Amino acid sequence: MSKFIVRGGKRLTGSVKVSGAKNSVLPIIAASLLAEEGDSVIVDAPPLDDVLTISKVLESLGAGVTYQNDIIQVDARNLSTCEAPYEWVRKMRASFLVMGPLLSRLGHTRISLPGGCAIGTRPIDQHLKGFEALGAEISLGQGYIEAKSNGRLRGAKIYLDVASVGATENIMMAASLAEGVTTIENAAKEPEIVDLANYLNSMGAVVRGAGTGVIRIEGVERLHGVRHHVIPDRIEAGTYMVAAAITGGDVYVEGAIVDHLGPVIAKLEEMGVTIIPDENGVRVIGDKPLKAVDVKTLPYPGFPTDMQSQMMALLLRSEGTSVITETVFENRFMHVDEFQHMNAEIKIEGRSAIVTGNARLTGAKVCATDLRAGAALILAGLAAEGTTEVGGTHHIDRGYVHLAEKLSGLGADIWRVTLDESPAEAKEEASKPETAKNAPSRSEETKPRFQVQIQPTWV
Ligand SMILES: CC(=O)N[C@H]1[C@@H](OP(=O)(O)OP(=O)(O)OC[C@H]2O[C@@H](n3ccc(=O)[nH]c3=O)[C@H](O)[C@@H]2O)O[C@H](CO)[C@@H](O)[C@@H]1O
Ligand SMILES: C=C(OP(=O)(O)O)C(=O)O
């Protein structure tokens, strides 16, 4: 077990490079299961724990997976089973994204039910509704979902009750090998959907309209492996933009795609942060007092729920009172309690949080309740007086590549320590994959973690 130690008060300056997008690479790796010929080569794959998890799911299905220098290579020519085991699916909800590819390629799949998590119950009814519309028979039992089709899936018109990112992706992948045309109405429009559609199209699929509310997929008989570059992570980019603003700094976020960050940039500008975009990234300068603003999370192109907690950290430092309304997940204010340990004044009223600005944040021992909450606590720590200790680092490792290193590179006083384990933690450690278990001590995050831990068994 480890934690991040942050000593606040440093103004961040310099340049930080954004890694490949977690939420793109996960469905793209899953989609590689559709390639019956050739290897899939995925470039700019970030070395994250979630990437390891989905790779392990693919290996458990019989695919060959190697990882080196941010490139994942998948050989899915010969799959040995259609069953994705609990052991890996339980670690990460996005593992469920293998269901669409397996169903359409093999006509049968059995996957452990993904659980709820700290941010909400996260049902999968829209995924299943889509598979059923394509002709699959779905059954549930013993914690598993089974889907079977009699021959090829058949194209259908599917209206999603919620514009779910995962359901749109799963249905797009399943429909790519179906017979005939599928249309997804009220589809999610996130940039990661467009990245997946581009990937599928270069594999030989015919997907049109990704990025709009209606996606049309013309099924084909076979797909093949291709080389693909993953888009930069807009949430990681947004997190560093907030890091610059919260420390009154001047940071160039290299690789940030301005078009993907519209609502984040709009809110930062409304607060008085200076944003200077160019073709390779965006410069963020916190040179003025911060104004309070209201924020409402929405599906893309609205303000991303994955930036809500980081924005809350920043609003704590603004002049005035702000209201944050979370409309995407029903339980995504768990970080409020943790912020309160740092002297923040925040009141929850239904789906809104009333954030009192001008907080004199003080360092405290806090715990990441989910991935973005962890990042937000670190951001608050950067602006707090004294030392903040952020536990629950396994959440942060799911989605941020070398977070402490990147922030240190900007002048932050942050490092990582390994703690002695209690018996319960040792048990949890024992259930981790061998590669992670045998990892060298993470006494300080000075080395690329993923390569140290994972490469030996993957390559
Ligand atoms: C790996 C990945 O890409 N994760 C992202 C993805 O998660 P994920 O794909 O799980 O999120 P969804 O877009 O599916 O969820 C959005 C909302 O729809 C609901 N819902 C979803 C599916 C369903 O079948 N029924 C249903 O009711 C969810 O409970 C939630 O309230 O989009 C979220 C919303 O932008 C982001 O926070 C996550 O970072
Ligand atoms: C909620 C997130 O991811 P996931 O859907 O993988 O849990 C996130 O990236 O903030």
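In the predicted model, Lys17 stands opposite Glu254 of strand S17. This pair belongs to the parallel association of S2 with strand S17 (residues 250-254), which extends over five bridges. Gly14 is likewise placed opposite a residue of S17, namely Val251. On S17, pairing with S19 is antiparallel and also involves five bridges; here Asp250 has Ile285 in S19 as its bridge partner. These strands form part of an open, four-stranded sheet of mixed pairing, in which the order is S2-S17-S19-S18. Strand S2 (13-17) and strand S18 (274-278) occupy the edges, and each of them pairs on one side only. From one strand to the next, the twist averages 15°. Across S2, S17 and strand S19 (281-285) lies helix H8 (residues 234-246), which runs at about 170° to S17.

The protein chain is divided into two domains, of which domain 1 comprises 2-19 + 232-419 and domain 2 comprises 22-229. The centres of domain 1 and domain 2, taken over C-alpha atoms, are separated by 31 Å. To the contact between them, domain 1 contributes 18 residues and domain 2 contributes 14 residues. On the side of domain 1 that touches domain 2, helix H13 (residues 393-399) provides the largest share, with three residues. By class, that side of domain 1 consists of six nonpolar, five polar and seven charged residues.

A second open sheet of four strands, also with mixed pairing, has the order S11-S12-S14-S13. Strand S11 (157-159) and strand S13 (206-208) each have a single partner strand, so one side of each of these edge strands is left without a neighbour in the sheet. The average twist from one strand to the next is 15°. Within this sheet, strand S12 (residues 181-185) and strand S14 (residues 214-218) run antiparallel and are joined by five bridges. Val181 stands opposite Glu218 in S14. Strands of a sheet pair through backbone hydrogen bonds, in either the parallel or the antiparallel sense. Helix H6 lies across S11, S12, S13 and S14, and runs at about 25° to S14.

Helix H6 is also packed against another helix. The arrangement of two packed helices is described by the angle between their axes and the distance between the axes. For helix H6 (residues 165-176) and helix H7 (residues 191-202), the angle is about 10° and the axes are 10 Å apart. H6 and H7 are therefore roughly parallel to each other. In this packing, Val165, Thr168, Glu169, Met172 and Ser176 of H6 meet Glu192, Ile193, Leu196, Ala197 and Leu200 of H7. The contact of H6 with H7 is made up of six nonpolar, two polar and two charged residues.

Two ligand environments were examined. Ligand 1 is surrounded by 22 residues, the closest being Asn23, Gln126, Ser164, Val165 and Gly166. Val165 thus appears among the closest residues to ligand 1 and also in the contact of H6 with H7. At least two residues of the shell around ligand 1 are supplied by each of helix H1 (22-31), helix H5 (125-133) and H6. The shell also draws on both parts of the chain, with at least three residues from each of domain 1 and domain 2. Its composition by class is ten nonpolar, seven polar and five charged residues. Around ligand 2, the residues are Arg93, Ala94, Asp306, Leu371, Arg372 and Gly399. This shell divides into two nonpolar residues, one polar residue and three charged residues.

Two local backbone features were identified in loops. Tyr300 and Pro301 are joined by a cis peptide bond, with omega at about 10°. Pro301 is situated in the loop between strand S20 (295-296) and helix H10 (308-315). Arg122, although not a glycine, has a positive phi of about 55°. The loop that contains Arg122 lies between strand S8 (108-112) and H5, a helix that also supplies at least two residues of the shell around ligand 1.

Conventions. Residues numbered from 1 in each chain as written. Chains lettered and ligands numbered in written order. Predicted model: local features only at pLDDT ≥ 70, side-chain atom pairs only at ≥ 80, totals over all residues. Near = placed C-beta within 6 Å. Nonpolar A, V, L, I, M, F, W, Y, C, P; charged D, E, K, R; others polar. Pairing = 2+ DSSP bridges. Axes fitted to C-alpha atoms, helices over the stretch in contact; angles between N-to-C directions. Contact = placed C-beta atoms within 7 Å. Domains from an automatic or database assignment. Parallel < 35°, antiparallel > 145°, perpendicular 65-115°, else oblique.
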